[in-house]
Amino acid sequence: KAKQQPLTHYYCLERRTGETYIMYNTSVDMGIAPTGTPVGKDDDRHRRYSILKSVIVPVMGIAMIIGAGTFYKTNRLPTFDSSTAATGRPRTRTGRNLREATMTYACSDHCTSRCDGDQPCLFWKKLCNCVDPNETISSTENPKDKGKLVDEANDMSQDPPTTPKPKPMPKPNAKPKPKPMPPKRYDAIVIGSGWSGISAARKLTSNGIRDILIIEARDYIGGRSRTTTDFVPGSSMPFELGSEWVYTEWDNAVVNALDRERVAYSEDNSNGWSIFSTDGGRIDDATADDLTSSLWSNGFLRYVEKQSKKIDTNSDNYETMLYQYEADNGITDPFQKQFLELEESSSVVLEYAGDPDRVSVRATMDWLGCTSAGMAVTSVKGGGYSSAVEKIASKAGLDKKISFNSVVTTIDYSGGTDLVTVDYTNADGTSVQATAPAVLVTVPLGVLKEGSIDFVPDLPSYKQRAIANMQFGALDKLIMYWDDDAMNTAPNFSRGWDTVMDSDWLELVTPETDTSGVFTSFFNSRRYNGLNTLTGWVGGSDAEEMEKLSDDELLKVIMPHLKAIFAADVPEPTRFIMTRWANDEYSKGSYSFPSAGQSDTFESLAGDLGASVADKIFFAGEHTSTTGWSATTVGALESGEAAADSMMAVIG
């Protein structure tokens, strides 16, 4: 209940109570005047304070001298409100710790220029008689102190002051969020490590451009050429999940590459077909040859050739043409109609990975009429497409330039700079930027269609149109293996298989159109690897539907067909693997094909897709081939080398 005293009559003592700091009017409560003489009534309380004064004042002086050193180290001063000193009532402060308060500072330190301009320092100067005692002290607190004053004596109804919540501690073993890495400049950036990307990078490095970054979304080299060597237990025999055939009849870059890298492939595998019916088993070879010749080779294909000049936008697809052929030639026999459905599936759908109503007749009929392509397979001992492309990359030192499991999100070629900026997320989730004067995009057409990569600015309209109009199909395999134990339980299956070992393909005529293309064509890989393996093929929308099925559901679809071809005792395969290229995030399908009803030719669309943009962004891949090698590794390889030539002109 002290009376108000002049500001110069106060010392301040700090009493810690948790986080609370209390200030006292020492002149009244302790009976000490500015001159050091007792004040107040001569009662016991004053006498006690007089005695205490003789002890406390020297102690305070020593403490202030010691505190001067602390001040110089911390250079921090407590902040006070003038009303606190004027009332002499206890005040509490929440917020920043005031550190050492009154007792740890010496007057001599606060009379220096160190405190000029600081209101709390002005308070100390008045206390120490450094300035005119009548000079006004602002009631404004140091703006650096954001603590809140609470007058407990005047308003006891207030909620107690709360201590600020501490910052949450990081969780134990919490992985710190990776910081973006600064952009790094390269001479060239290649997106994709398939045949086109690797061939382009190889040509760049061989011409002295070695500061290259290859960004690959997958964890392997090869893209849609992928070989597995651990499918059959105890064997390292390669099995192709993607590319499998080699065109040996005509000289081409892929055959040359396989030969150069000493990767094996089979002899010509044009050894014919065996045709089966769900009703009567295997059709004898003479009957099968007659059906093929009369209904397909010299029937439908000849009809298409004659109608070629009459084909318009509406009839430029195989589904329409087949209906017209059957109608014009009076074909009504159910078996003959289903045989034609099977041939359409094996010759069109499995060849172009698209449904008959989506594939252009005008753009493909010459190829269907080709009888000598010279085909070989790489799924033999010492073979494998992956082996070839990996060897090429390793010899050129490209395997050390690849950032695997890295997904490109943005390609920015805007601004006044000659550099292109590529944003991608690497394997550990870090966002990375890289720049280069030339960037090669070799992602599959399906990824471009999906819009997975954001181009800034948007690609030119002609290129967007080409991406939209060119088609991208799906082609899948179900590779099956039976071990010796399984074969021993199925003698009829074993004998039936032995009788068709002279055939590369086994085909089944089903009674329903809906099942004509669903695992009705089987590649007899046992002829080439000596193992009990067989591959079922499916393409187009049927492939997309099959990809949605579970393994058990797939077996329910394929087992009746196997039993119709071989015998009723065919057991479920010991192991099998189903490719799912349409659902593959980094391909969205298998390869491109000419779209039905297009006014533009496939080559013109491919040319637009392969054209560079602003001499900064270049494109390659099978879908950009204009030399007749689209949908093949040959087209991919050649387009990559051509893109490298264009990039070198820019890089210099």
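In what order do the five strands of the open sheet stand, and is their pairing parallel or antiparallel? In this predicted model, the order is β14-β7-β6-β18-β27, and the pairing is parallel, where two strands are taken to pair if DSSP finds at least two bridges between them, and where helices (H or I, at least four residues) and strands (E, at least two) are DSSP runs numbered from the N terminus. The edges of the sheet are occupied by β14 (402–403) and β27 (617–619), each of which has a single partner strand, so one side of each is left without a neighbour in the sheet.

Residues are numbered from 1 along each chain as its sequence is written. Because the model is predicted, local features need pLDDT of at least 70 and side-chain atom pairs count only at pLDDT 80 or more, whereas totals for chains, interfaces and linings use all residues, and side-chain values use heavy atoms, with hydrogens and water left out.

The pLDDT, which is the predictor's confidence in each residue on a scale from 0 to 100, averages 81 for the protein, and 71% of the residues score at least 70. Over residues 1–52 the pLDDT is below 50, and this stretch has 106 contacts in the model beyond near neighbours in sequence, a contact being defined by heavy atoms within 4.5 Å. A further stretch, residues 131–163, also has pLDDT under 50, and for these residues the model has 54 contacts beyond four places in sequence.

At the β27 edge of the open sheet, strand β18 (residues 439–441) pairs with β27 in the parallel sense over three bridges, and L440 has F618 of β27 as its bridge partner. Helix α21 (residues 633–651) lies across β6 (188–191), β18 and β27, and runs at about 165° to β27; axes here are lines fitted to C-alpha atoms, for helices over the stretch in contact, and angles run from 0 to 180 degrees between N-to-C directions. The axis of α21 also comes within 7 Å of that of helix α6 (residues 195–206), the two crossing at roughly 35°. On the α6 side this contact involves W195, S196, S199, A200, K203 and L204, while the residues contributed by α21 include T633, A636, L637, G640, A644 and M648. The crossing of α6 and α21 is right-handed, a term used if the near helix is turned clockwise from the far one by less than a right angle, left-handed being used if it is turned anticlockwise.

W195 of α6 is also among the residues touched by I392, together with I198, R202, A257, R260 and E261, when residues up to four places away in sequence are not counted. I392 is placed in helix α12 and is buried, with a relative accessible area of 6% (buried means under 20% relative accessible area, exposed over 50%, and partly exposed in between, with a 1.4 Å probe and protein chains only). Although I392 and E261 are 131 residues apart along the chain, their C-alpha atoms are separated by 7.4 Å.

The loop that leads from β13 (375–377) to α12 (385–395) holds S379, which counts as buried at 5% relative accessibility. The side chain of S379 makes a polar contact with the side chain of E244 at 2.8 Å, such a contact being a pair of N or O atoms within 3.5 Å of which, within protein, one must be able to donate a hydrogen and the other to accept it, with residues adjacent in sequence counted only if both atoms are side-chain atoms. Beyond four places in sequence, S379 touches P238, F239, E240, E244 and N529.

Elsewhere, strand β22 (residues 505–509) is largely enclosed by the rest of the structure, because five of its five residues are buried. W505, E507 and V509 point one way from this strand and L506 and L508 the other way. Strand β22 pairs in the parallel sense with strand β11 (residues 273–277) over five bridges, with F276 opposite L508, and is joined by three bridges to strand β23 (residues 521–523) in an antiparallel arrangement, where L506 stands opposite F522.

Several loops show backbone features of note. The peptide bond from V456 to P457 is cis, with omega near -10°, and P457 is found in the loop between β19 (454–456) and α14 (461–469). A353, which is not a glycine, has a positive phi of about 65°; this residue lies in the loop between α10 (334–352) and α11 (361–368) and is buried, with a relative accessible area of 1%. A614, likewise not a glycine, has a positive phi of about 60°, but is placed in the loop between α20 (602–610) and β27 and counts as exposed at 53% relative accessibility.
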